[in-house]
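Trainee: Could you take me through one part of this structure slowly? I would like to see how a single piece sits among its neighbours.

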Amino acid sequence: MILKRKAQSGSTRTAGFSSLTGLTGVGIAAIAVTLAAMLAATPALAEMIETPQIVKWQLYLQPSATEVMEDIHSFANLTMWIVGFITLFVLGLLIYVMVRFNAKANPVPSKVAHNTMIEVIWTIVPVLILVVIAVPSLRLLYKELEVPPADMTVKAIGMAGWSWTYEYSDVLDSKKQPVSVGSISLTTADSDSRTDPNTQPRLLAVDNNFVVPVGKTIKVLVTAEPISVIHSFAVPSFGVKVDAMPGRLNETWFKAERTGMYYGECSELCGQGHAFMPIAVQVVTEEQFKAWSEAAKTDVDKAYKVLAQAIDADTKKLAVASK
Ligand SMILES: [Cu+2]
C-alpha cells in the first residue's frame, strides 16, 4: 500500500469557500476562522491514514486518495490564503478611510482626483496575483485531463433507471465480452435495503461496488445509456468529475493510493432518481482484485462473495501479524 500524503489535517476543513462572499461580515469572519485553522493545523500521520472519507457534519474537501486530489487540496489552500489576505487588506483600507476621513475627523476634504502611481499599482498587482493563480491552476487542469498510460480501462455508464454500470474492458468472460457490473443504490426512493448502517452509509452504499486495484492507473470511459439523460461521474477523494452523456464518450483517470471505500454521487441534475445513484469505488490489493476478476468472469454475484472472503482473510492475517 502506498502512502504518499502531504500536510493535510482535518482541522483545515473549516469555513471553506464561504469566504468568497467577499466583504460581508460573514465572509470576513469565515476567512478569519479559516486562516486561524490553517495556522493551527498540525498534521499527524496516524490521523491521516485513519481519516474516514465521510464523517458527520463534514465541511471543506474530502481527504485525498490520489495525487490529483492532493494537488487540488494544495491549490484550494493557496487560493484560500490569497482570498483571505486580499479581503483583510481591503477591510483594513475601509476601516482606515472610515476613521481617518469621516466628516468629523476630516472636515475639509482634499480635491485630489487622480494619482498615477496608485493607478499603476492597482492595475499591475491584480495581474500578478492572477498569474500566480494561473500557473498552478493550468498545470493541475492538464494533469487532470491528460490520461497517463493506463493499467486498466473501465467504462462507467450512467443508466436510464438511475444507476451505474461498469464494464471492465480488460476482464473478459468466456464469450470474450467485457465483464459488466450493475451498481444500484441500496437506499432507493421508496425503500432501503441496507443491513448495516455503519458499513453501508445511507444514499451511498450500493449492491455491487466499482472494484479497482490499488496503485494502478485506471482509465475511466464515461458515458450514459442512449435512452438516458446527462449524468456525471464524480468521486471527490480522487479529484474526478466528468459528465456522462448519451452518445458521447468522455474520459478521466485516477490512481488510488490507499485501499478502502470511496464514495461519490451523480453530480448532474438528472431527474427524480438523481439523489439515488451513488458511485461506490472499492480499492483493493492486486491479489484481491485478481480473485474478484477471476470469479467475475463466470459469476458477478459470486465474485463479490469471493472478494469479501479474501479481504476478511487478509484483515485477519494483518491482525495476527501486528500482535
Ligand atoms: Cu444522474
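Mentor: Happily; let us look at one helix and then at a strand that helps to cover it. This is a predicted model, in which local features need pLDDT of at least 70, side-chain atom pairs count only at pLDDT 80 or more, and totals for chains, interfaces and linings use all residues. Residues are numbered from 1 along each chain as its sequence is written.

The chain has six helices and 10 strands (DSSP runs numbered from the N terminus: helices are H or I with at least four residues, strands E with at least two). Our helix is α5, residues 286-296, whose buried residues are Gln288, Phe289, Trp292, Ser293 and Ala296. Buried means that 20 or more other C-beta atoms, placed from the backbone, lie within 10 Å of the residue's own, while exposed means 12 or fewer and partly exposed is in between. Looking down the axis of α5, these buried residues fall within an arc of 130° (taken from the directions from the helix axis to the C-beta atoms), so they line one face of the helix. Glu287 and Glu294, on the other side of α5, are exposed.

What covers the buried residues of α5? The cover includes β2, β3, β4, β10 and α6, with a contact meaning C-beta atoms, placed from the backbone, within 7 Å.

Now turn to β10, where seven of seven residues are buried. Pro278, Ala280, Gln282 and Val284 point one way, and Ile279, Val281 and Val283 the other. In a regular strand, side chains alternate between the two faces of the sheet. β10 pairs with β4 in the parallel sense over four bridges (pairing needs at least two DSSP bridges), and Phe210 stands opposite Val281. Strand β9 runs antiparallel to β10, joined by six bridges, and Met261 stands opposite Gln282.

How values were computed
Two residues are in contact if their C-beta atoms, placed from the backbone, lie within 7 Å.
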